[in-house]
Amino acid sequence: MALSSLSPAPTHVASTKLYLSYSTSFSFPSILNLHPHNNNTNISPLNKKWQTNVSFFPAFFNKTKDPTPIKQELLQAIAPLDRGADATPQDQQIIDQIACRLEACNPTKEPLNSSLLNGKWELIYTTSKSILQIQRPKILRSRLNYQAINVDTLRAQNMEGWPFFNQVTADLTPLNAQKVAVKFDYFKIAGLIPIKAPGRARGELEITYLDEELRVSRGDLGNLFILKMVDPSYKVPT
């Protein structure tokens, strides 16, 4: 789940912020309302490449309730973007438009009441600069980010892969069947050294699309998170 941006978390653990509307992981101009049709002819080569790949999906397909073609379009669009690190503002806008169409076909209307939410998810795209760590040289950026959620215990956990292996855990409070308030409790440096999170380390996360394979979430600071399921049996530490 996406947790929004939090400051000041220790700089060496900031990227572990939960993607729960996620208050621990997000803060730049909102993309939630960016849905205009793009008529800009100065399309980057990257955009041209993936737009060519996905343009065979006719617009009328999007009026159906079958999310499959839109999921395929979304996954093809984000594939060359290095989880969002290489995305231009134009790329972000296009991804947001596709995500909005997918959200309109959400088969799980009450994700917080669904067992599909449980388990370990891999982050495959985000607009969160703090999670992407774009201010760092690529060699010092986390190459994998995971988020685990258990709805039965209302717990969440964000985990970085190499080179830092930082973690953060949080308690969740449902605000409705799609949205939670997030309160972080402990950071773990290198997955070993616990540090109590400050009281202001909190945010909100809305789960806007959920199925067996894919989850889309929106953070309270306007960031978009797209995750794929990797381990439905994973349990968050209590």
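**Exercise 1. Describe the protein chain as a whole, starting from its buried share and going on to its elements, contacts and surface.**

Solution. Buried residues account for 53% of the 238 residues in the protein chain, and the model from which this value is computed is a predicted one. The next step is the secondary structure, which comes to four helices and nine strands; read from the N terminus, the elements follow the order α-α-α-β-α-β-β-β-β-β-β-β-β. Turning to contacts, and taking those between residues at least 6 apart in sequence, one finds that 63% join residues at least 24 apart. The last step concerns the accessible surface, which comes to about 10700 Å², with 58% of that area belonging to carbon and sulfur atoms.

**Exercise 2. Determine how helix 2 and helix 3 are arranged relative to each other, and which residues meet between them.**

Solution. Two packed helices are described by the angle between their axes and the distance between the axes. For helix 2 (residues 68-78) and helix 3 (residues 89-103), the axes come within 9 Å and cross at roughly 160°. Angles over 145 degrees count as roughly antiparallel, and helix 2 and helix 3 are therefore roughly antiparallel to each other. The handedness completes the geometry, since the crossing of helix 2 and helix 3 is left-handed. As for the residues, helix 2 contributes Ile 70, Lys 71, Glu 73, Leu 74, Ala 77 and Ile 78, which meet Ile 95, Ile 98, Ala 99, Arg 101 and Leu 102 of helix 3.

**Exercise 3. Locate Ser 142, decide whether Ser 142 is buried or exposed, and list its surroundings.**

Solution. Ser 142 sits in the loop that runs between helix 4 (129-132) and strand 2 (145-150). Its relative accessibility is 0%, and because the limit for buried is under 20%, Ser 142 counts as buried. Leaving aside residues up to four places away in sequence, Ser 142 touches Arg 83, Gln 133, Glu 160, Gly 161, Trp 162 and Pro 163. For Gly 161, one of these, the backbone nitrogen lies 3.4 Å from a polar atom of the Ser 142 side chain.

**Exercise 4. Place Glu 204 in its element, classify its accessibility, and identify the side chain with which its own side chain makes a polar contact.**

Solution. Glu 204 belongs to strand 7 (residues 202-210). With a relative accessibility of 28%, Glu 204 counts as partly exposed. Its side chain makes a polar contact with the side chain of Lys 179, at 3.2 Å. Finally, Glu 204 and Arg 218 are 14 residues apart along the chain, while their C-alpha atoms are separated by 8.8 Å.

Key
Residues are numbered from 1 along each chain as its sequence is written. This is a predicted model: local features need pLDDT of at least 70, side-chain atom pairs count only at pLDDT 80 or more; totals for chains, interfaces and linings use all residues. Side-chain values use heavy atoms; hydrogens and water are left out. Helices (H or I, at least four residues) and strands (E, at least two) are DSSP runs, numbered from the N terminus. Buried means under 20% relative accessible area, exposed over 50%, partly exposed in between (1.4 Å probe, protein chains only). A polar contact is a pair of N or O atoms within 3.5 Å; within protein, one must be able to donate a hydrogen and the other to accept it, and residues adjacent in sequence count only if both atoms are side-chain atoms. Contact means heavy atoms within 4.5 Å. Accessible areas come from the Shrake-Rupley method with a 1.4 Å probe; for residues, only the protein chains shown count as cover. Axes are lines fitted to C-alpha atoms, for helices over the stretch in contact, and angles run from 0 to 180 degrees between N-to-C directions. Angles under 35 degrees count as roughly parallel, over 145 as roughly antiparallel, 65 to 115 as roughly perpendicular and the rest as oblique. A crossing is left-handed if the near helix is turned anticlockwise from the far one by less than a right angle, and right-handed if clockwise.
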